[in-house]
Amino acid sequence: MGPSPTQETPEPVPASQSDKRFLQALARRPVDRPPFWFMRQAGRYLPEYRAVRETAGGFLDLCYTPDFAVEVTLQPIRRYHMDAAILFADILVIPDALGQPVAYQAGEGPVLEPIRSAAAVARLQTGRVVDHLAPVFETLRRLRTDLPDDVALIGFAGAPWTVATYMVEGGGSPDHAVTKRWALGNEPGFETLIDMLVDATVDYLSAQIDAGAEAVQLFDTWAGALPASGFRRWCVEPTRRIVAALKDAHPGVPVIGFPRGVGANYLAYVKETGVDGISIDSSVSPAWAAATLQPLCAVQGNLDPQYLVTGGDAMLAEARSILEALSDGPYVFNLGHGIVPQTPPEHVAVLSDLLHGS
Ligand code: CP3
């Protein structure tokens, strides 16, 4: 017996045919106003997030329980009605799924048992990524029905280089020295690790798209730590392979890259990876991005998140000047990095009002 009519949900409209403002901008089509969303728009600056976080227990329980993950994804949309919602999860679910458990300790950030040898890389379990992350796909399926009609759904993953820094250092680190020495010194094992992460990321993002993600973003937060030659090998090349595989399996689903802190190398990244959108950090001049990057792809960014802490006229003036520089080409307003926990939610409301055009 087939499902009863009340259980049927309509087939979602493919990203390439959607009229959502965020997807239009990524497709380089004209929009009535620039779409916007904010990196880390769900998180500790919101009291309602902190309340769910307490109920959930551990941070990974929050990521792996669809009831909670759907709720915290929707929280900023209810308050500010951004043009896109980003799946609530973390870039470190990939090491967790590969069998390198991750613990999030209050005030200290993520902690992992470091992987520093070819033998340790060989012990990772590559076959179980999609099974282990099944709750994330359920979260996406529910979001696709729960989100307002005009809000796009973004999936994401960390880029291989950035995820590898956490796996090798055992958490955050000031200079990623151990990872860099392994990568740059041509010792065995590192290339295998990156190859595994490329495959895992393709599987993970493909499954996110199958579950309803309409665009995906690759966070390469520590790309700027690499020398120029290493940048090509460990940031651009793995990203190029991921983009090519995703384009093959899901043509029409836009990919946004965020290689943070790479300066003039943003241009090489855009040219060589094939991304549809480039998220720029706050150090990049919007005028330079408009002249150099926008002819090639959509640009996203780049208000410094500290402006959202100070608020007021300084924040509004800076946002207006970024809008002015970038609004003539394909553009998505965002921050140059994630919202910080000290941000007063009222300041996000003031900025959102400006971006809504009121
Ligand atoms: O709203 C969103 O943007 C979606 C969710 C999201 C989180 N992390 C939730 C999170 C996204 C897209 C990320 C990406 C992420 N995670 C990155 C890349 C972007 C960036 O900010 O550079 C990185 C490097 C991580 C790894 C990570 N996760 C760290 C270093 C930490 C601890 C430091 C911190 O900011 O808290 C996390 C934890 C984390 N990920 C939190 C959230 C909301 C805070 C956890 C808590 O509630 O205690």
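Me: If a residue counts as exposed at over 50% relative accessible area, as buried at under 20%, and as partly exposed in between, is N186 exposed or buried?

Reply: This is a predicted model, and in it N186 has a relative accessibility of 56%, so it counts as exposed. N186 sits in the loop between α10 and α11, where it follows α10, and its phi is positive, near 60 degrees, although the residue is not a glycine.

Me: Where does R28 lie, and what does its phi look like?

Reply: R28 belongs to the loop that runs between α1 (21-26) and α2 (47-56), and its phi, near 65 degrees, is again a positive value in a residue other than glycine. With the cut-offs of 20% and 50% in mind, R28 counts as partly exposed because its relative accessibility is 48%.

Me: Which peptide bond should I look at beside N302, and is N302 itself buried or exposed?

Reply: The bond to inspect is the one from G301 to N302, which is cis, with omega near -15 degrees. N302 is found in strand β8 (residues 298-303), and because its relative accessible area is 3%, it is buried. Leaving aside neighbours within four places in sequence, N302 is in contact with ten residues' worth of surroundings that include I280, D281, S282, V284 and P286, and also I322, Y331, N334, L335 and G336.

Me: How should I read a long helix such as α12, and what is its reach from first C-alpha to last?

Reply: An α-helix has 3.6 residues a turn, so residues three or four places apart point the same way. Helix α12 (residues 228-249) has 22 residues and reaches 31 Å, close to the 32 Å expected at 1.5 Å a residue. A kink of about 30 degrees is nevertheless found at V236, shortly before the proline P238.

Me: Which residues of α12 are buried, and what do they pack against?

Reply: The buried residues of α12 are G230, F231, W234, C235, V236, P238, T239, I242, V243 and L246. They pack against the helices α9 (160-169), α10 (177-184), α11 (190-210) and α13 (265-273), and against the strands β5 (215-220) and β6 (255-259). Seen from α10, the buried residues are A177, T179, W182 and A183, and their cover includes α6 (118-122), α9, α11 and α12.

Me: Which residues touch the most other members of the largest nonpolar core?

Reply: That core has 125 residues, and those touching the most other members are F22, F38, L133, F190, Y204, F333 and L351. Its largest share, 12 residues, comes from α11. F190 is in contact, neighbours within four places in sequence aside, with W161, A164, V168, T179, W182, A183 and W234.

Me: How many helices and strands does the chain have, and how does its radius of gyration relate to that of a compact globule?

Reply: The chain has 17 helices and 9 strands. For 358 residues a compact globule would have a radius of gyration near 21 Å, and the 20 Å of this chain agrees. Along the principal axes, its C-alpha atoms fill a box of roughly 60 × 55 × 40 Å.

Me: What share of the residues counts as buried, and what supplies the exposed area?

Reply: Of the 358 residues, 56% count as buried, while the chain exposes about 14800 Å², with carbon and sulfur atoms supplying 51% of that area. Among contacts with a separation of 6 or more, 73% join residues 24 or more positions apart.

Key:
Residues numbered from 1 in each chain as written. Predicted model: local features only at pLDDT ≥ 70, side-chain atom pairs only at ≥ 80, totals over all residues. Heavy atoms only, no water. Helix = DSSP H or I, 4+ residues; strand = E, 2+ residues; numbered from the N terminus. Expected span 1.5 Å × (residues − 1). Bend = angle between axes of the 7 residues up to and from the residue. Buried < 20%, exposed > 50% of the residue type's maximum accessible area, 1.4 Å probe, protein only. Contact = heavy atoms within 4.5 Å. Rg over C-alpha atoms; globule rule 2.2 N^0.38 Å. Areas by Shrake-Rupley, 256 points an atom, 1.4 Å probe, with all protein chains shown as cover. Core = buried A, V, L, I, M, F, W, Y, C linked by side-chain atoms within 4.5 Å.
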